Amino acid sequence: MSNHYGLSSVKKNNGYFRAGVFRSIDADSASHWGWGAGVDLAAAYNYSSSFIIQQLYGEVRYRKFTLSIGSKEREPFMLDRRLSSGDLLFSTNARPIPEVRLETPDYIVIPGLGGWLGLKGYISYGMFTDDRWQRDWAAPGSKRSEDVLFHSKGGFARVGNLDKFPVQLEVGFEMAAQFGGRSIAGERIIRMPSSLKDFIRVFVPSGGDSSTPAGEQSNIYGNHLGQWSARLEWHAPGGWRPAVYYEHYFEDHSMMFLDFAWKDCLVGLELGLPENPFVSKVVYEYLGTKDQSGPVYWDHTPEIPEQVSGRDNYYNHGIYTGWQHWGMGIGNPLVISPIYNASHIINFRANRLIGHHIGLEGQPLPCLGYRGLFSYSRTWGTYGGPLPEVQRNINAMLELTLRLERFKGWSLSGAVAADMGGLLGRSWGGMVTLRKTGIL
């Protein structure tokens, strides 16, 4: 289920036929201009939709800048997409959000510094597309949302010159927001404005005007979240590639800076092994989301003007249905996605957890590769809805991929996976994938 860009199903006996055509931008072209496009469609059985537009985009490059319009699968900046449990802010767990995105996809080396500093960044606006799914899936009278807009931005710096020194550091800051649209719960409807001023308010987070609910006026308009990230990598002699990375997630100002200890984080160790056919890369990650600024929250009022930060309630929000798209969490999937909720309430019911994750892959034979993933977590529920007792969750997967040498571009994959523990119960599954890539 997890980290398939939302192209997965909780229903038994599911499957899909998928076809895509892509044109990549030639980054090495001598021309200042370039263009790319992609169409990626799936006809599915026992999915949330029978026909899925997974990707549909066009993009134009001018020098170092790229303008992209549409839905496109994007990889995390700091993590290994195949072996990591998932980025805290933007993992590969949910369907792409259609957006207009201006970015510098590659680092721009700052002149005059000997190649030691590079910068890149992006800014985007878009819209969530799961209105119909929420209307059909959500329990009667429970909260759902419609016409919700999306905004994200980020900046990254790379310090290091591998031609002169084998260590490289990357640091980044990203923020995202949900705004506009309507929140519906039974007969209650909250309408959130989406004028040009509101687009500016989510770019520079600020309070709403009189057209927004009172809480959005005294605090910040929309649902804002983000993360700090860093990665240190050593290009060691002999092809060894050890790396360590760190992500700190935040929901508000109190955790955005240093008001509280950064106990909640994703810490990863990554090791690339040279010329080892059995294990070519290993990843270990620790995930902690238990603190959330503490268990106490009080928003200041005229009667009691004191303000106490706490109970950040990761991925959830009072107005919107939280940091999810088509029921799948946009952030790390170890925080169990709403689509698993038997109650059909669209929220994250177990966001306080401590988890450990291991991923490894190898190529024992020229035509045979494998990937293994294992996660273990303990979950306390949420501060507002604690579980009666700590629930443990175990997830494991083994995948084998056979490249069919006689048939160029064809491969056959088989995977088995299992969940165990009180949070999701016991389940297992198998998946077979036949894939053809390259020009037909």
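**Exercise 1. The hairpin of β22 and β23**

Task: State how many residues lie between the strands in the hairpin of β22 and β23, and which residue there takes a positive phi.

Solution. In the hairpin of β22 and β23 there are 5 residues between the strands, and G425 takes a positive phi near 80 degrees. The strand names follow DSSP, in which helices (H or I, at least four residues) and strands (E, at least two) are runs numbered from the N terminus. Next, look at the pairing, which requires that DSSP finds at least two bridges between two strands. Strand β22 (residues 410–421) and strand β23 (residues 427–436) run antiparallel and are joined by 10 bridges. As a specific pair, D419 has S427 in β23 as its bridge partner.

This is a predicted model, in which local features need pLDDT of at least 70 and side-chain atom pairs count only at pLDDT 80 or more, whereas totals for chains, interfaces and linings use all residues. Residues are numbered from 1 along each chain as its sequence is written, and side-chain values use heavy atoms, with hydrogens and water left out.

**Exercise 2. From β14 to β19**

Task: Follow the pairings from β14 through β15 and β16 to β19, and give the number of bridges for β14 with β15, for β15 with β16 and for β16 with β19.

Solution. Begin with strand β14 (residues 241–250), which pairs with β15 in the antiparallel sense over 7 bridges; here Y246 has V267 in β15 as its bridge partner. Then move on to strand β15 (residues 265–272), which is joined to β16 by 8 bridges, again running antiparallel. V267 is bridged to Y286 in β16, and E270 has V283 in β16 as its bridge partner. Finally, β16 is joined to strand β19 (residues 352–365) by 8 bridges, and these two run antiparallel. In this last pairing, K281 stands opposite E361 in β19.

**Exercise 3. An open sheet**

Task: Give the order of the strands in the open sheet that contains β11, and identify the edge strands.

Solution. The sheet is open and is formed by 3 strands in the order β8-β11-β12, with antiparallel pairing. Its edge strands are β8 (143–146) and β12 (188–191), each of which pairs on one side only. From one strand to the next the twist averages 20 degrees, where axes are lines fitted to C-alpha atoms (for helices over the stretch in contact) and angles run from 0 to 180 degrees between N-to-C directions. Within this sheet, strand β11 (residues 182–185) pairs with β12 over 4 bridges in the antiparallel sense, and A185 stands opposite R188 in β12.

**Exercise 4. Positive phi outside glycine**

Task: For N13 and Y315, decide from the relative accessible area whether each is buried or exposed.

Solution. As background, most residues other than glycine have a negative phi, and most peptide bonds are trans. The classes are set by relative accessible area: buried is under 20%, exposed is over 50%, and partly exposed is in between, with a 1.4 Å probe and protein chains only. N13 lies in the segment before β1 (15–23) and has a positive phi near 55 degrees; because its relative accessible area is 65%, N13 is exposed. Y315, found in the loop between β16 and β17, has a positive phi of about 70 degrees although it is not a glycine. The relative accessible area of Y315 is 4%, so Y315 is buried.

In the loop between β16 (281–288) and β17 (324–325) one also finds N316, which counts as buried because its relative accessibility is 11%. The side chain of N316 reaches the backbone nitrogen of F348 at 2.8 Å.

**Exercise 5. The second largest pocket**

Task: Describe the second largest pocket by its volume, its lining and the elements that supply that lining.

Solution. A pocket is an open set of points on a 1 Å grid over the protein atoms alone, where a 1.4 Å probe fits, with protein on both sides within 12 Å along at least five of seven lines; lining residues have an atom within 4 Å of a point. About 970 Å³ of space lies in the second largest pocket, the volume being the space filled by probe spheres set on the points, which are joined across faces, edges and corners. Of the 34 residues that line this pocket, N219, E251, D252, Y297 and H317 are the closest to its centre. At least two lining residues each come from α3 (214–218), β13 (223–234) and α4 (253–256).

Conventions: Polar contact = N/O pair within 3.5 Å; in protein donor to acceptor, adjacent residues only side chain to side chain.
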